[in-house]
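Trainee: Please take one part of this model and go through it closely. I would like to know how it is divided and what it touches.

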Amino acid sequence: MNNILIIAKNTFKEAIRDKILYGILAFALIFIFATIFLGSLSLGEDLKVIKDLGLAGIYLFSIIITIFISAQAIYKEIEKKTIYIVLAKPVKTFEFIIGKFLGLLTGIVLTILIMQIVYLVVVLGKGGGFDSYSLISLLLQIFEIGIFVSLAVLFSTFSTPFASMLYSIILLYIGHSLSILLKYAEKAGSIAKYAVYPFYYLLPNLEKFNVRNTVVNDKLPGGGEVTFSIIYGIFYIIVILYLANLSLKKQEL
Amino acid sequence: MINISKVTKKYGKTIIVDNLSLKINDGTVFGFLGPNGAGKTTTIKMLVGLNKPDTGEIKINKYVASSIQSKQTSGYMPEDPYFYDHLTGYEFLEFCLSLSSDYRSKPQVENSDSSRISSNGIITKMLETVGLSEAKNKMINTYSKGMKQRLGLAQAIIHKPKYIFLDEPLDGLDPIGRNDFKNILRGMKKQGSTIFLNSHILSDVEELCDEIGILNHGKLLYTGKVSEFCKRGELEKRFVELINNKQEGIAN
C-alpha cells in the first residue's frame with residue numbers, strides 16, 4: 001500500500017505541474033463564466049441554460065484533460081525509461097499501475113473540483129442558490145472519469161499516446177450510445193439484439209453516470225440508481241486495471 | 001553472490017544472450033564488456049528484474065533476480081537515465097528512497113558516528129556526494145547530461161544497496177565527473193557493496209574493476225581477473241584482439 005501511495009503522490013505532482021493542464025483549465029473556466037452571457041440570451045430560462053451548459057462544460061473539459069494527461073501515462077514512462085528506475089526497485093507491477101491510476105485521477109479530480117466551485121459561484125451569483133443536486137452529477141462524473149483514466153492507463157501500456165487518445169474518444173462515443181443501440185437492436189429483432197448484447201455488457205455504459213439532465217431540471221436521481229452506477233464504476237475500474245497489470249507484465253522493457 | 005546460470009534471452013527469433021553463465025562473488029567490482037549489441041544491457045535488465053530470461057536462472061544472494069527480496073538489496077542505474085521532468089532533484093531522490101522498503105523498515109539509518117539521520121539528511125548527504133547540492137531544488141528538466149548522470153547514480157545508491165548495477169555510468173561525464181564517480185564507487189566497494197557495471201570506457205574499467213566478463217553476440221568470451229587478462233597488454237588492446245579473433249574465427 002505504501003508504494004501505491006508513493007507512486008500516486010509522485011504522479012499527482014507530475015500531472016499538476018504540466019502547464020498544458022492549466023491551459024485547458026483556463027479555457028474551461030472562461031467557458032463556465034461565459035455561460036452567464038449565453039444564459040442571458042434565453043427567454044427567462046437563463047438559470048437553466050447556465051446549469052445545462054455549465055455542467056456540460058465541466059464534463060467536456062474534464063474528458064479533454066483526462067484523455068490528454070492519461071493517454072501517455074505509461075507510454076511516456078516506457079519511452080523515457082523512468083519505468084526502469086521504478087520497477088527495478090522493490091515495487092510490484094500492480095502497485096505501479098494502481099499508483100499511476102490514483103495519481104492521475106486525483107490530479108484530474110482536483111481540476112474538476114475547481115471547475116465545479118466556479119460553476120457553483122456562477123449559479124449562486126445568478127440567484128440559483130447553492131446547487132446541491134449538481135454534486136450528485138459531479139460524484140457520478142468522477143466515477144466515469146475513473147473508468148476513462150483506467151482505460152487510458154490500459155491503452156498506454158501497449159499503444160502510442162495518439163492511438164490511446166483515439167481509442168478513448170471512440171469508447172466515449174460508444175459508451176454514451178450503448179443504451180440507444182440496444183433499444184434499436186431490440187426493435188430490429190433477435191439477431192441484432194444478440195449481436196449487440198456482448199458489446200452492451202463488455203463495453204462501459206457511460207450513460208449510467210449521466211444525470212446532468214435530471215439535476216438541471218431540479219430533480220434528484222434515485223438513490224438506488226446512483227449506488228448501482230458507483231458499484232458498476234468501481235467494478236469496471238478494477239477489471240480494467242487488472243488487465244493493464246497483465247499487459248504491462250507482458251511488455252519486454 | 002550473483003549467480004547467472006545458463007541464461008538465454010531472445011527478442012523474437014534473435015538470440016540476444018546465449019547460454020550465459022557467470023558467478024560474481026560479493027565485494028567484487030565486475031566490469032561487463034562487449035561491443036555494441038553484444039547483449040550487455042539485456043543482461044543487466046535481467047539482473048535487476050526488468051525482464052526475465054527465457055531459459056536459465058539468475059539469483060542475487062539466493063533470491064531470484066525478479067523477486068522483491070532481490071530488488072530490496074539492489075540498486076540500478078540505467079544507461080542514459082531519464083527522470084520526471086517536473087520534479088526537482090531533491091523530490092526525485094525522496095521518491096526513490098521512499099520506494100526502498102528496506103529503508104522504510106528502518107527509516108533512520110546509522111551514520112558513521114552511530115548517530116541516526118533522517119531521510120532529509122540522507123538525501124542532502126547524497127546530493128552533496130554526487131555534487132548536486134546547488135541544483136537540488138531545480139527542476140530536473142533544467143539539468144545537463146552530466147547532472148542527470150549524477151542523479152542517476154544517486155538514486156541507485158541512496159539506500160546503500162548491497163548489489164549495484166550500473167549501465168554505462170561514466171557516459172557523458174567530463175574528466176572531473178568521471179573522477180568523482182570513480183571515487184564514489186571505490187567508497188561503495190570499501191563498504192562491502194558488489195558492483196556490476198557495463199562500460200565502453202575501458203581505461204576506467206581497468207582502473208576500477210577486479211574482474212571482467214567479455215560478451216560478444218550474446219556469448220561469454222572471457223571471464224576472470226583484469227590483471228590476468230591484461231598480462232599481455234592494455235585492456236583496450238586485448239579486448240579488441242579478442243573480439244577480432246573471435247569474429248575472424250566465425251567468418252572463417
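Mentor: What follows is about chain B, its domains and its contact with chain A. The model is predicted, so local features need pLDDT of at least 70 and side-chain atom pairs count only at pLDDT 80 or more, while totals for chains, interfaces and linings use all residues. Residues are numbered from 1 along each chain as its sequence is written, and chains are lettered from A and ligands numbered from 1 in the order in which they are written.

Chain B has domain 1 (1-73 + 164-252) and domain 2 (84-161), with bounds from an automatic or database domain assignment. Over C-alpha atoms, the centres of these two domains of chain B are 25 Å apart. In chain B, 15 residues of domain 1 are in contact with eleven residues of domain 2; contact requires C-beta atoms, placed from the backbone, to lie within 7 Å. On the domain 1 side, strand E9 (163-167) and helix H7 (175-190) of chain B each supply at least two residues. Helices (H or I, at least four residues) and strands (E, at least two) are DSSP runs, numbered from the N terminus. H7(B) gives the most to that side, five residues. By class, the side holds seven nonpolar, five polar and three charged residues. Nonpolar covers Ala, Val, Leu, Ile, Met, Phe, Trp, Tyr, Cys and Pro, charged covers Asp, Glu, Lys and Arg, and the others, Gly among them, are polar.

The contact between the chains takes 24 residues from chain B and 21 residues from chain A. On the chain B side, helix H2 (68-72), helix H3 (89-99) and helix H4 (101-105) of chain B give two or more residues. That side of chain B divides into 13 nonpolar, eight polar and three charged residues.

Methods: Contact = placed C-beta atoms within 7 Å.
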